[in-house]
Amino acid sequence: MDAFVKRLDSSSARKSARPDSKQDRVLEEPPTKKAKREEIYDSDEESDLDLQPGSPPLKPLPSVRRVNSATSGVEDETPQNSEAESELPRRTAIESSLPEVKSGKEALEEYESFKASQGDDNTTSAASRLESRNWVKGKTSLYVDAFNLALSTVLDQESHLFDEKEMYIFDQWSKLSYDAQFLYVRLFLRKTATWHRIARLRYHDDIQDVEAAVKELQRNRDLPPGSSSSQPASESTVPALASLAQDQCVFHESFTFADTSEQFITDVEEAVGLLNLDEVKALAKEAKVQGKNKADIAKSICRMSSRQVGLFSIGLRRSSTTGSVDSPERGTPEAESPGPGLGEDSNRRKHFLDKILAITGPCIRLSLPVFRLFERVHLVFYRSTEWTEKSLTTIILAKISKRNFPKYVVSRSGNIFASRAQLLEFETAMRTEFAVDNILEFNGPVTEAGFRQIIDTFEQIYPRWKALLKEEQEKEERVYESGEGAYLRRLNPAHPYTRIVHKAAYVFGRLKEHRREHALLTELLDQRLFHLARRGAWYQRKALLEEHYMYALEPVPTYKDAELQKKHWKRIAATTCETALEDRDCHLIYHYDIQKRLVKLEKQLKIPKRLQHDFGHVRLQKPAEHFVEGVQIKKDDAVGKKGRAVSTKTIWVDEAEGGGECSVEAMCLSWYRTQGWKGYHAEGGIMRTLFAYLFFDILFLYIPNVFQTAYQTCPLDLHTDAFYPTRASEINHRLVEIANGGAARLIEEVDRRERENRTCVVGLSWDYELKDLLELADCFDGAALAAVCKVMAQEYGQRGGGIPDLILWRTEPNKEVMFAEVKSANDRLSDTQRLWIHVLTGAGVKVALCNAVAKEVREV
C-alpha cells in the first residue's frame with residue numbers, strides 16, 4: 001500500500017444511542033455521532049479544580065450536532081436552536097496533523113479538477129485512483145474512495161481482527177454498486193440515529209437511481225452457515241460491565257446494510273419525530289391537540305394516540321337498537337369494532353402511525369450491526385474512536401494539494417491490536433468510559449446514585465486495570481524501543497480504565513471517602529505509563545488530603561496527641577510536594593501552586609529557616625496595568641449573523657494609523673508602538689511559529705506510529721500527553737541550548753533550509769519576517785524562552801490558546817520582551833489566560849494588562 005496510507009488518530013469520539021420507548025429495542029438504535037467539543041475536567045492536561053471538596057455540581061455539555069457538508073443531500077429539518085449548537089466540534093488528531101484544506105463543494109471541485117483521464121476501469125482501487133489521479137464523476141467519489149481506502153488498508157494489514165462473518169460482509173460491500181456505496185457513505189457520515197426520507201435524498205447529481213440504491217442497501221442478505229459469530233467481549237479478559245458497555249456488532253443468520261421504515265418504525269413516538277414543524281401542526285390540527293413548540297405538540301399527539309377513541313381508529317359502530325334497523329342508512333356497512341381494551345389502543349396507535357408514515361413516505365436508516373462494524377474499521381484505521389467527515393477526506397485532499405511537507409519516516413504498525421479480543425476489550429473499555437462520562441458530564445447535576453454507579457463500575461474494572469498495568473510495565477522494560485510505547489498505550493484498554501480510576505478518585509472525594517481517594521491517588525502516582533499529564537493534579541490533591549484529612553482517617557499509633565498526628569501528616573504532605581517538584585513528569589504549570597503549599601507547610605512545621613525551600617527566584621510578579629484611551633464606535637443598527645446576538649467585540653478608531661476603524665487590540669498595539677515597542681497582535685501565533693522553528697527536527701524525529709501518512713504537518717501525538725515523555729531527552733537538551741542563547745542560530749538554520757519551499761509545519765507561519773523573529777528571540781531572556789517552550793512541549797494541545805493578545809519587544813534602552821493582554825470594559829481573564837500569565841511572570845517575562853478606556857463614544 002502506498003505510503004499515503006500510513007496514519008491517522010484522535011481521541012475518543014463517543015457515540016450515544018437515542019433512547020427508545022421500548023426497553024427491548026434500546027440496542028437497535030444506531031448512535032448519533034458526536035464528538036465532545038470540550039470536556040469539563042477530562043482533558044489529558046486538566047486542572048485539579050474538579051477534585052476540590054465542595055466543588056459545584058458538574059454542568060452538562062451542550063450536544064454537538066454533526067455538521068453536514070455543503071454537498072449534503074438530505075434535508076435537515078432540525079432548526080438551529082442556539083449558537084452553541086451550531087459551533088463546529090473541535091478538530092480530531094488527524095485533522096490537526098494535516099494541513100488546512102478546503103471543504104464542502106470546494107473540496108469536491110478540487111478533487112474532480114485533478115482527474116487526468118476519463119477511463120472506465122472498474123478494477124482500479126481507491127488507492128490506485130488516488131495515485132494516478134484518475135477519478136470519474138458518477139463512477140468514483142471523494143467520499144467513497146476515502147471510505148474504501150480505509151477499509152482496504154485495514155484488511156490488507158490487520159484482517160486478523162475480523163471474523164468470517166465480518167469478512168463476508170466486507171466482500172458483499174465490495175459487490176455493491178457505486179450508487180449504493182455512495183449513498184451508504186454519505187448517510188454513514190450523517191446523523192445515523194435518525195431515519196431519512198427517501199423522497200428527500202437529494203443526491204440525484206451523484207446517483208443515477210436513488211430508489212434502486214436504497215433497495216440494494218435494504219435487501220436482506222444471508223450469512224454463510226457455520227461461520228463464527230462476533231461476541232460482545234472476551235469473558236476471559238473483560239469483566240462483566242452490565243449495561244454500561246455492550247458490543248452491538250453481533251450478526252446472526254442474515255444482515256442488511258440499511259433498515260426499512262415499514263419493518264422498524266412501530267410506534268408513534270418514533271414516527272412523529274420524522275415530521276417537520278408544519279406537518280406536525282397539520283396533524284395536531286386534525287387531532288385537535290395543541291402545544292407551545294414542535295416537541296410539545298409531538299408529545300400531545302403521542303398522548304392522544306394512546307388515549308382518545310376516534311371513529312376512524314376503531315371502525316364505524318352502529319347501535320344495536322331496533323330503531324336503527326329501520327334507519328334509512330341501514331345500507332351503510334357496519335365495521336366490526338375491535339372492542340374495548342388492548343385492541344382499541346393498538347388500533348388507535350396504528351391509525352396515527354399509518355397517517356404519519358403516509359406523510360413521510362418510505363424511509364431509510366443504516367443498520368446498527370453493520371454500522372458498528374464499519375465504525376470498528378475506522379477505529380483501527382485512524383487508531384482512534386474520534387473522527388468526522390473531514391477526517392475521512394482530509395487525508396486525500398492533503399495529497400492532491402500542491403504543498404511541500406517535511407521529510408520524515410512514515411511508519412504504520414500492523415500489530416497495534418495483537419488480537420481481536422484486545423480490540424473488543426478496547427472498544428468495551430471506551431464504551432464503559434463514555435458511560436461514566438455520561439453520568440458526570442451530560443445529564444445535569446450528579447446525584448448520589450450516579451456517583452455510586454460510577455463506584456460500581458470502578459470496582460468492576462479495577463482488577464483488570466491492575467493486571468494491564470503489570471503487563472504494560474513488562475512491555476516497557478522488555479519490548480518497546482525508541483519511545484514507541486507512549487503513543488501505543490493510548491490504544492490499550494488500560495488507558496480508558498486509568499481515566500475511569502481517575503474519575504473514581506474524584507467521586508470518592510465528592511462522597512467524602514477521603515481514605516479511599518488517597519489510596520487511589522497513590523496508586524495512580526505509582527504508575528508512570530498512563531495519563532502522565534495528570535500527575536501534577538494528583539500530587540496537588542494528594543498533598544491537600546494529607547494536610548487536612550488523613551490525620552483523622554489514618555492515625556499513627558506512635559502519636560497519641562492530635563496535634564502530633566497533624567504534624568506527622570503535614571510532614572508527609574511536604575514530602576509529597578518535594579516529590580512532585582522533582583518529578584520530571586509533573587508539568588511546569590503545577591509547580592507554582594505546589595511551591596506555595598510547600599512553603600506554607602514548612603512554616604507551619606517550624607522548619608529552620610536555613611532548611612526551608614526558597615522559591616523567590618520564581619516568585620510571580622503582579623502584571624503591570626496600562627490604561628489606553630481611545631475613541632469607541634457604537635453602531636445602533638448592528639445585527640448579529642443569522643439572527644444571533646450581536647458580537648461583543650468592540651470597534652475603535654485607530655488614531656495613530658489614519659483614523660480608520662479597528663479592533664481594540666489593534667488600537668492598543670498602535671499606542672504601544674508610539675511608546676517605542678515593536679509587536680504583533682498574534683494571540684500566540686508568533687510563539688507557535690517560534691516553537692516550530694526551534695523544535696523543527698524534534699517534531700519530525702522518528703517515533704513509530706506517529707507518522708502514518710506522508711502529508712502530516714506534525715506527529716499525531718503532539719496534541720497528547722505522549723509527546724513530551726517520548727522525546728524527553730531531545731527536548732530537554734534543546735531547552736538547555738535555548739536557555740544558553742542558541743535560539744537565533746536554530747531559527748536561521750531552519751529558515752535557510754525551509755523558507756523557499758514554505759514547508760507546511762504545524763503552527764509555523766511564513767508571513768513573519770526572519771528579521772523580526774531573530775530580533776524577538778534576541779530580546780527574549782534565554783531561560784524565559786526555554787520555560788515557555790517547555791510548557792508548549794508538555795501541553796501543546798491545551799496551551800496553544802490563552803497566550804496574551806500582544807507580543808511586544810524593543811532593543812532600547814534595554815533588550816526587553818513584554819506580553820500584553822488587552823481588555824475592554826467588562827472583560828475578564830479566563831483560566832487559561834491566568835495560567836499563561838503565571839507561566840510568563842514565573843519565567844521572568846514582563847506581562848501587562850492593557851485596559852482600553854473610551855475617552856469618547858461615537859454612535860453611528
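Which residue stands opposite I364 in β7? The partner is H196. This is a predicted model, and that pair is a good place to begin a tour of it.

## Strand β7 and its neighbours

Strand β7 covers residues 363–366. H196 is part of strand β3 (residues 196–197), and β3 pairs with β7 in the antiparallel sense over two bridges. Strand β6 (residues 258–260) also pairs with β7 in the antiparallel sense, here over three bridges. In that second pairing, A258 has L366 as its bridge partner in β7.

Are the faces of β7 covered or uncovered? Both are covered: C363 and R365 lie on one side, I364 and L366 lie on the other, and all of them are buried.

## The seven-stranded sheet

Now let us move along the chain to another sheet. Seven strands make up this open sheet, with mixed pairing and the order β10-β9-β8-β14-β13-β12-β11. At its edges are β10 (660–663) and β11 (678–681), each of which pairs on one side only. From one strand to the next, the twist averages 40 degrees.

Look next at strand β13 (residues 816–823) and strand β14 (residues 846–859): they run parallel and are joined by six bridges. Two helices can be found against this sheet. Helix α35 (residues 831–842) packs on it, touching β13 and β14, and the direction of α35 makes about 135 degrees with that of β14. Helix α32 (residues 770–779) lies across β11, β12 (806–810) and β13, and runs at about 75 degrees to β12.

## A closer look at K823

K823 lies in strand β13 and stands opposite N851 in β14. Is K823 buried or exposed? Its relative accessibility is 12%, so K823 counts as buried, given that the cut-off for buried is under 20%.

Which residues does K823 touch, leaving aside those up to four places away in sequence? They are R828, L829, Q833, C850, N851 and A852.

## The nonpolar cores

In soluble globular proteins, nonpolar side chains tend to be buried together. In this model, the largest nonpolar core has 112 residues, and the members that touch the most others are M687, L694, F695, I738, F780 and F819. Helix α20 (residues 494–510) supplies the largest share of this core, with nine residues. Another core lies apart from it and has 54 residues, among them F162, V185, L373 and Y480.

What does L694 touch, if residues up to four places away in sequence are not counted? The contacts are R734, I738, A743, L746, I747, L785 and C789.

## Helices that cross

Helix α27 (residues 685–694) packs with helix α33 (residues 782–794) at an angle of about 90 degrees, and their axes are 11 Å apart. Because of that angle, α27 is roughly perpendicular to α33. Where they meet, α27 brings M687, R688, F691 and L694, while α33 brings L785, V788, C789, M792 and A793.

## Checking the length of α4

Let us finish with a small calculation on helix α4 (residues 142–158). At 1.5 Å a residue, the 17 residues of α4 should span 24 Å, and the C-alpha atoms at its ends are 24 Å apart, so the two values agree. Helix α4 is also mostly covered, with 13 of its 17 residues buried.

Key. Residues numbered from 1 in each chain as written. Predicted model: local features only at pLDDT ≥ 70, side-chain atom pairs only at ≥ 80, totals over all residues. Heavy atoms only, no water. Core = buried A, V, L, I, M, F, W, Y, C linked by side-chain atoms within 4.5 Å. Buried < 20%, exposed > 50% of the residue type's maximum accessible area, 1.4 Å probe, protein only. Helix = DSSP H or I, 4+ residues; strand = E, 2+ residues; numbered from the N terminus. Contact = heavy atoms within 4.5 Å. Expected span 1.5 Å × (residues − 1). Pairing = 2+ DSSP bridges. Axes fitted to C-alpha atoms, helices over the stretch in contact; angles between N-to-C directions. Parallel < 35°, antiparallel > 145°, perpendicular 65-115°, else oblique.
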